[in-house]
Amino acid sequence: MIELVEVLVRFRPSGRSVRVPLGTTLLEASRRAELPVARTCGGDGLCGRCGLRILSGVASLPREAEDEMRVKRNQRVDPAERLACRIALTDDVEVTARYWALEQRG
Ligand code: FES
């Protein structure tokens with residue numbers, strides 16, 4: 001029997017949360033929570049638009065690879081953000097985006 005391991009992703013400030021299979025990207029988890037994530041490259045890790053701030057669970061994330069750091073530098077992404085399309089989740093996290101607070105005001 002195959003055990004499906006899931007992780008919990010919490011989104012602030014909305015308070016939404018989703019459980020997704022281990023290895024799901026943070027971009028896909030955000031989609032499942034029906035929260036918009038800016039992007040122009042289709043999730044290929046090139047545009048640098050999908051930056052999210054990790055509020056908790058940072059230690060569980062894979063270290064930033066040099067190519068992620070390069071895209072962030074070139075696209076002037078806040079160094080405190082991670083590219084959601086490049087993060088395969090391995091544990092529970094809590095995240096936010098600058099524009100989600102505006103979304104909530106609606
Ligand atoms: S969607 Fe373009 S870098 Fe993540």
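This report describes the fold of one protein chain, from its overall build to its sheet and its core.

The structure is a predicted model, and its protein chain contains three helices and five strands. Read from the N terminus on, these elements follow one another as β-β-α-β-α-β-β-α. The C-alpha trace spans about 45 × 35 × 25 Å along its principal axes. A compact globule of 106 residues would have a radius of gyration near 13 Å, and because the protein chain has 13 Å, the two values agree. Of the contacts in the protein chain with a separation of 6 or more, 66% are between residues that lie 24 or more positions apart, while buried residues make up 23% of the 106 residues.

**The sheet**

How are the five strands ordered in the sheet? They form an open sheet in the order β2-β1-β5-β3-β4, and the pairing is mixed. Strands β2 and β4 (81-83) stand at the edges with a single partner strand each, so one side of each of them is left without a neighbour in the sheet. From one strand to the next, the twist averages 40°.

Three of the strand pairings are set out here.

| Strands | Direction | Bridges |
|---|---|---|
| β1 and β2 (residues 17-21) | antiparallel | five bridges |
| β1 and β5 | parallel | four bridges |
| β3 (residues 51-56) and β5 | antiparallel | three bridges |

Particular residues show how these strands are matched. Between β1 and β2, R10 has S17 in β2 as its bridge partner, and the hairpin that these strands make has four residues between them, with G15 taking a positive phi near 85°. On the parallel side of β1, the bridge partner of F11 is V95 in β5. The residue V95 also stands opposite I54, and in the antiparallel pairing of β3 with β5, T96 of β5 stands opposite R53.

**Two faces of β5**

Which residues of β5 belong to its covered face, and which to its uncovered one? The covered face holds V93 and V95, whereas the uncovered face holds E94 and T96. This arrangement can be read beside a general rule, namely that in a regular strand the side chains alternate between the two faces of the sheet.

**The nonpolar core**

The largest nonpolar core has 18 residues, and among these L26 and A84 touch the most other members. The elements that give two or more residues to this core are β1 (6-12), α1 (26-32) and β5 (93-96). When residues up to four places away in sequence are not counted, L26 touches L52, A84, I87, L89 and V95. The residue V95 thus appears in several parts of this account: V95 lies on the covered face of β5, is the bridge partner of F11, stands opposite I54 and is touched by L26. In soluble globular proteins, nonpolar side chains tend to be buried together.

Notes. Residues numbered from 1 in each chain as written. Predicted model: local features only at pLDDT ≥ 70, side-chain atom pairs only at ≥ 80, totals over all residues. Rg over C-alpha atoms; globule rule 2.2 N^0.38 Å. Buried ≥ 20, exposed ≤ 12 C-beta atoms within 10 Å, placed from the backbone. Contact = placed C-beta atoms within 7 Å. Core = buried A, V, L, I, M, F, W, Y, C linked by C-beta atoms within 7 Å. Pairing = 2+ DSSP bridges. Axes fitted to C-alpha atoms, helices over the stretch in contact; angles between N-to-C directions.
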